[in-house]
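Me: Hi! I'd like to learn how to read the features of a protein model, one at a time. Could you walk me through this one?

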Amino acid sequence: MMSEQERSDVKTHGGPSPSDDEQAVARDAQLIYIGNTGTVDFDLNLPVRGASGTSISWQTSDSRWIEPDGKVHMPDYGRGDRNVRLTATVTLGSASATREFTVKVLEKANDIKVKKVYPVKIKAQRGVKYYLPMFVAVLTEDGNTVSQRVNWDDGVDHVSDELGDKQYTGVIDGSEIKVTGTVSVGESDPVQVVDATPKLNAVDLSHVRLTGDGFLARNQRNRVAFLKTVDCDQLLYEFRKASGLDTKGADAMIGWDAPDSNLRGHTTGHYLSGYSLAYAATGEPEMKRKADYLVDGLAEVQDAFSKLPGFKPGFLSAYSEKQFDLLETYAPYPDIWAPYYTLHKILAGLLDAYHYTGNKTALDVASKVGDWVYDRLSRLPHEQLQNMWSMYIAGEFGGMNESMAKLYGVTGKKEHLEAARMFDNDRLMVPMREHIDALGGMHGNQHIPQVIGSVELYKQTGMSYYLDQAEFFFDSVLAHHAYAFGGVGQGEMFHQPDHIGSLLTENTAESCASYNLLKLATALEQYEPKASYGDYYEDTVVNHIAATTDKVPRGGSIYFFPTQPGGHKEFDEENSCCHGTGLESHFYYAQGAYYVGAREGSKSALSVRMYLNGTLDDAEDGLALKVVLDDKHPEHVAIDVKRAGYDQIWLRVPGWTRGKVRVTVDGKRLDEATVAGMLRNDGAELVLDAEALGRSGFDGASINLDFDPHFRVVPTPDKPEIAAVAWGPYVLAALSDKTDFLSLPVDSKDVDAAFTREGDGLTFAHKATGTRFVPLEQLDQECYQMYMKVC
């Protein structure tokens, strides 16, 4: 029988008085029955004829889950149920009626076949509440390592007043597979707290200026030119509308920020960060003016919300609190769309405005947002939080843990730090703490920002496991999940370790993921400078991030970077997530370039991790230098030091130079033995010591570095016959529209012999086939192959 609600969903379209046809279509629409729509795990029988001879056609709101013919595709386990709207249109003659059905498609059952459950062992303090991990790492029978939810027989929250080991039992969610856990209860707090002061401090972006006509400086100029054209009132449109303020005649946003999008507001946060970063990186006054305008507008919106009934103080968004309410009842995506992710972009923008432009209003607004977050999350039990954060997309929270921890670092409010820790996510963090790579099946950019937050939480708490798990994550990603140009993920997802050659498609390497991995690299670099961190930073900036922007100042960015044969770039201007990070990433180039702090053998050292054509000028720190570098000749770097009150300068030796470097100081070429004695960390760094060079310091020093670039092939781990080609720092693309892999004869012992350089530019050719190659950054709309068969 049809409910009153269902009857109200029938809409008849006809003339002023019901004709026989109109009555027929209305009646047949009411008679449509498609079965139980609340728990669908089967194909639907959608009728195409009505009892009165009417015709019935069907439309679906999401054909990924239900096709118009009723074919049902259940989401994979862990992706959540999906609500799909089916619309039946009933016609007879010129009369028609429609009726809508909401269908819940259930996710697939958990059919995992487990070979091994990794041990669950935790430590606790007597009399203090502890939580059993809600996810564990398992090894499947087909050799995959994944993170799986556990349902513990006795629940998650426990307190023990007895010393010794306690045993717990549970099962893998959706199965009968047994899990056991051991909790060792002791007298003392098992969490190791250490001095978390960074060894090195990154030189702030505001002290570095990129100059010349190189592509990095060009990208910054283009981004600034675009940012100047954007209407800030349009960026505030949905915020003002939601809070009841005048929208000042502005146009509505488009794409993911359109009025009907559940993610609206996120791009405004990116723009605020983009303006703030642009001001820091270029000093352009208009960037600060626009950032200030956005901050003032958001402060007005926050105040307006506080005066509306039903809103708690501090709330700030481009929509109501409804999505946050629904998340707490586990509403799936796309019913809601990551409300804390959107909030993070806004909060991060406010903190960037405070840090890079000195806007104190931004800090005040951010602090109130932090209070609102604490008030909301502190009411929820631990298990509910874990359920929320493990949800696919809906529970994505970006880097809320990082921003809340940073906010605490400024405000000192313990509530802000407590709220930051409420975003700890067992699904990601439990395997990482055990040094198990269980990333397969996880959404890449949903989880990378959480690891950045781990580093910031280590900084603010000194809890050593936060840093340890972040280092393990990053090392695992670099060694086993990254494409040759630094990008990660296929279809936005992490897959099993070392699966690269089998995952060369049009939707690889989401730009957001690389944007966040670079931030993670610079955060980790402060605690332990590693050759792999510096190499990754250069590789990914030069080959991925710099290659994601359009060549004209329209603000377009690449979402995915195609890696299949015959792929080509597509530039996105519709306010997607990667469009948003693309507003920021080109101003972050210098974030991983310079660090200061004690190094082995020196209490005061300058570390140069990336060579950027431009200047560094930090008057407060007594540091000023100029770097000259030509894109076409990355092998030669000239550094003129004006001021540098340091005993040593540590210079990164890129991995692509095979450990070879020639050094000239003040016009004097250093011999090979002297240079060899200066190398550290297996040749990855060169240490210039003022005293050893016969100088009282480095003021006025002239340093020239000459590296040794070569061609090399970068094979995929699972299909070594499929490889990328690189020269020096550049990953190269073969210009080709062929959709089958090119075959390139290459002698693995002498790769240089297979290629030639065309003139003095960055175009190369394969001698045997004539195939032309260019760096990824130079590509625009051309078809290319990044990976080829190398034989």
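Me: Let's start with charge. How many positive and negative side chains does the chain have, and how far apart do the centres of the two sets lie?

Reply: Count each sign, then compare where the two sets are centred. This is a predicted model, and its chain carries 113 negative and 78 positive side chains. The centres of those two sets lie 2 Å apart.

Me: Thanks! How compact is the chain for a protein of its length?

Reply: Begin with the make-up of the fold: 20 helices and 36 strands. The radius of gyration is 29 Å, close to the 28 Å that the globule rule gives for 791 residues, so the chain is as compact as a globular protein of that length. If you prefer a box, the C-alpha trace spans about 100 × 70 × 60 Å along its principal axes.

Me: And what percentage of the residues is buried?

Reply: Of the 791 residues, 58% are buried. The accessible surface comes to about 31,500 Å², and carbon and sulfur atoms account for 47% of that. For the contacts, look at sequence separation: among those between residues at least 6 apart, 68% join residues at least 24 apart.

Me: How many disulfides does a search of the whole structure find?

Reply: The idea is to check distances between cysteine sulfurs, with a cut-off of 2.5 Å. Here the search finds 0 disulfides. Two cysteines show the reasoning nicely. The sulfur of Cys577 has its closest cysteine sulfur in Cys512, 3.6 Å away, which is too far for a bond. For Cys578, the closest cysteine sulfur is also in Cys512, at 3.4 Å, again too far for a bond. Cys577 is buried at 6% relative accessibility, and Cys578 is buried at 1%.

Me: Now single residues. Is Val185 buried or exposed?

Reply: Check relative accessible area, where under 20% means buried. Val185 has 7%, so it is buried. This residue sits in strand E12, residues 178-186. Leaving aside neighbours within four places in sequence, its contacts include Ala124, Arg126, Ser160, Leu163 and Lys166. Glu162 is another contact of Val185; the two are 23 residues apart along the chain, with their C-alpha atoms separated by 7.1 Å.

Me: What about a charged residue: is Arg240 buried or exposed?

Reply: Let the number decide rather than the residue name. Arg240 has 2% relative accessibility and counts as buried. Its place is in helix H5, residues 237-243. Beyond neighbours within four places in sequence, Arg240 is in contact with residues including Asp233, Asp246, Tyr293 and Val301.

Me: Where is Ser94, then?

Reply: Ser94 is in the loop between strands E3 (82-92) and E4 (95-105). With a relative accessible area of 77%, Ser94 is exposed. Glu22 is 72 residues away from Ser94 in sequence, yet the C-alpha atoms are 8.5 Å apart.

Me: Last topic, the backbone. Which peptide bond is cis, with omega near 10°?

Reply: Read omega for the peptide bond and phi for the residue. The bond from Tyr333 to Pro334 is cis, and Pro334 lies in the loop between helices H8 (322-327) and H9 (339-357).

Me: And which non-glycine residue has a positive phi of about 60°?

Reply: That is His435, in the loop between helices H14 (426-433) and H15 (444-461). His435 is partly exposed, at 43%. Asp682 also has a positive phi, about 55°, although it is not a glycine. Asp682 lies in the loop between strands E25 (679-680) and E26 (685-689), and is exposed at 87%.

Methods: Residues are numbered from 1 along each chain as its sequence is written. This is a predicted model: local features need pLDDT of at least 70, side-chain atom pairs count only at pLDDT 80 or more; totals for chains, interfaces and linings use all residues. Side-chain values use heavy atoms; hydrogens and water are left out. Helices (H or I, at least four residues) and strands (E, at least two) are DSSP runs, numbered from the N terminus. The radius of gyration is taken over C-alpha atoms; the globule rule is 2.2 Å times the number of residues to the power 0.38. Buried means under 20% relative accessible area, exposed over 50%, partly exposed in between (1.4 Å probe, protein chains only). Contact means heavy atoms within 4.5 Å. Accessible areas come from the Shrake-Rupley method with a 1.4 Å probe; for residues, only the protein chains shown count as cover. Lys and Arg count as positive and Asp and Glu as negative; His and the chain ends are not counted. The place of a charge is taken as NZ of Lys, CZ of Arg, CG of Asp or CD of Glu.
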